[in-house]
Structure formats: structure tokens, C-alpha cells
Amino acid sequence: TKITCTPSTSVAGGEANLMRLVSALEGLTTQLSAMQESLERIEEALRNRETGQSQNLQAEDADSSGVNVVDGFSLQLRPRGFGSQYSLTSGMQSDAFDTAEEDHASSDDGDDSAPEDDPNSLEAFLDRIDSLHSKKDTLAETQNDIFEQLEGKCGEVPDDCRLQWRFARVHKVLSDVAKSDGNEEEQKRLIYAGLECAKHALELDEGRWQAHQWYAILLGLIGTYENTQTKISNGKVFKEHVDRAIELNSSDYSLYHLLAQWCFAVAGLSWIERNAAKVLYGEPPTSSYQDAIDNFMAAERLYTGHWKNNKFMIAKCHYALSQYADCRKWLEEASPLPVVSEEDRTCQPEIETLLQKV
């Protein structure tokens, strides 16, 4: 039997199909929204678990170690289940850049050295601040002293970039102290206040590499408190400032470590994360594990000592590329190195776990 439709029937059928399509799109939107919420809850749970592990580790080691347990800067990564450094959607957390910025501190003073014949000059003051910053004993007391001195000097000389980026730096260090003390509100306050100092430093002198460095670090740290869209946006800005810092000073190893962490994170982005970035900004960030290796190796060449976590990160890159012989080589170099920071303390069990897999 041949069935024919009148024009009115065709229109009605078209409208019904359109309504079903709209309904399906609405359902898909709801599902994607629920998926995003679920991902954020998972990320929050992972952060809470990592915080709990860090606190347990600190309690176990409090009586046996003379090393200050102070978390440093980090980016959160999830590739292959080893470590947690950096994610465009998770923001940066405080547990991976102790080595780059604290325990293996580069020569931040740059061209700020003080004339020997003028102890009262601003340059001499900056020299004294940098000397205090390099001390690792009585960390909280020393850094509070630095904070008070810089706060007073910034009041006297409010428009000097060299003061402002150092003020940003001490905000970051004291935020680590607040975190180790379990004072989350103070940690958050110090991070945002430090970011403002770094921003002011950039406004005063865009050509000062340390201003870009500390702006990037503190921008990364606020990812803990921001929504997913802001975190993705900040990841892009973070990369821009690290690139600019390297352009201004290509001999600082810590900058290459920062860049390598970003490359490692982007190489390990999930399909959902990559497409979320694409929806928001047109093109998702691109990088590879080989890019990360190249930058970690640059840091390795420039750093004059033995950097446990940097070697471990090189091993992780090789593992992600299924280059297991190279992975084992770097793990065997990293494993016997002494634990001199919280970063080293965190990565040592991961080194041992990964050694069992290769």
C-alpha cells in the first residue's frame, strides 16, 4: 500500500523531528555538564587524597628529619598514574617546584648586585634579602623577617620592580609555610597577594625576567581556587610568561623545568580536557613528551648539581613514550640521590614503584 503525506502531515513530521533533535541536544548538554561536574569532583578528591598523604608523610618524618617540610610549586599531571604536577583543568598545586625555586634556587638577584662601597643603597638591601632567602634553617622565622623588611622598603620605594618581585617571592614561600601548618585561608591570602605583587612588578618593568617567573608561578597556584575555564585560560598565560622569562634569561635552569612541566602536562591531556580547551579558545595547547624531555634536559645541563626530581621527570617522559630502557637509566640515576626537599621526599616512593614496572 502506497502512503502519501499531505503537506500538513510533512510539516508536522518535520516539527516533531526538530523537537526530538532539540531534546537530544539538551540531553547531551546535560550529560556533558554532569560529566564536567564529575571530573571536577574527581580532581577535588585526588587533591584531598594527595593533601592527606602529604600531611601523613609530614607527621611521620617530623621527629626524624632536620629538613623543613615545606611544599613548593607544582603543576598537576596525571599521565600514566605517576606523580601529580600540572593540569590545565586542575590548576597548579604546591608540591613540585621546591627544587626549581627553593632548594635549588637560581641566582635571582641577576644584575642587582650591590656596590661594595655603598652599604645603604637599595642594591645592598636587595643583596641582604637574597642572602637571607638562601637560608634553609628556621625557614618561617627567616622568611617572616624578609617579609617585614620588604614590606617596609616597598612602602618607602613603591615603584621598584626588583622589590616587587622579591615581595611576590616571599609571599609564595610563606604560603608554603601556611600550607604546612594547615592554615588554608592564610595560604590562599598570601598566594593572591603575591600575585598582585608580581603583577605590579611586571607593570613596572616588563623586561625583568624574574617578574615573569614569579607571576607565572603564582598564577599557577591560584588554579586551586578558580573554576575550570579560568584554569585553562591561566594555563595559556602561564606558558606565555615562562616563554618570555626564558627569552630574557636563557641561562636559568629553573625556567626550563617550569616549561618542561607544562609540556608534560599538555602531552598528557585527556580527550575531554583537550576538547574543553578547544571549545573555549579555538585551538587546544599542543606539546609532546619529547618537548618535555628536551626542556628537562636543558635544565639538567644548566644545573650544576644533582637534581633528583628533574631526573625522575625525565624518566616519566620516557615511560610515557614506552622507552623503558631509557626510563630505567634515569630512575637508577635519581634513586640513590639524597632527599633534600619535600619534592624529593614525594618522588622517592614513585621512583621505587616505577622501577618495578621497567
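This is a conversation about a predicted model, in which a trainee asks how some of its descriptions are justified.

Trainee: Which residues have the most contacts inside the largest nonpolar core, and how many residues does that core have?

Mentor: The largest nonpolar core has 76 residues, and L150 and L331 are those with the most contacts inside it. The helix that gives the most to this core is α9, residues 253-267, with 11 residues.

Trainee: What is L150 in contact with, leaving aside its neighbours within four places in sequence?

Mentor: With those neighbours set aside, L150 is in contact with F125, I129, L163, R166, F167 and V170.

Trainee: Why is α9 called largely enclosed by the rest of the structure?

Mentor: Buried means under 20% relative accessible area, and 15 of the 15 residues of α9 are buried, so the helix is largely enclosed by the rest of the structure.

Trainee: How do you know what α9 should span, and what do its end C-alpha atoms show?

Mentor: At 1.5 Å a residue, the 15 residues of α9 should span 21 Å, and because its end C-alpha atoms are 21 Å apart, the two values agree.

Trainee: What makes C161 count as buried?

Mentor: The cut-off for buried is under 20%, and C161 has 5% relative accessibility, so C161 counts as buried. C347, at 2% relative accessibility, counts as buried as well. A search of the whole structure finds 0 disulfides.

Trainee: Why is S322 called partly exposed?

Mentor: Partly exposed lies between the 20% and 50% limits, and S322 has a relative accessible area of 45%, so the term fits. S322 is found in the loop between α12 (308-320) and α13 (324-334), and has a positive phi of about 60° although it is not a glycine.

How values were computed: Residues are numbered from 1 along each chain as its sequence is written. This is a predicted model: local features need pLDDT of at least 70, side-chain atom pairs count only at pLDDT 80 or more; totals for chains, interfaces and linings use all residues. Side-chain values use heavy atoms; hydrogens and water are left out. A nonpolar core is a set of buried Ala, Val, Leu, Ile, Met, Phe, Trp, Tyr and Cys residues joined through side-chain atoms within 4.5 Å. Buried means under 20% relative accessible area, exposed over 50%, partly exposed in between (1.4 Å probe, protein chains only). Helices (H or I, at least four residues) and strands (E, at least two) are DSSP runs, numbered from the N terminus. Contact means heavy atoms within 4.5 Å. The expected span of a helix is 1.5 Å times one less than its number of residues. A disulfide is a pair of cysteine sulfur atoms within 2.5 Å.
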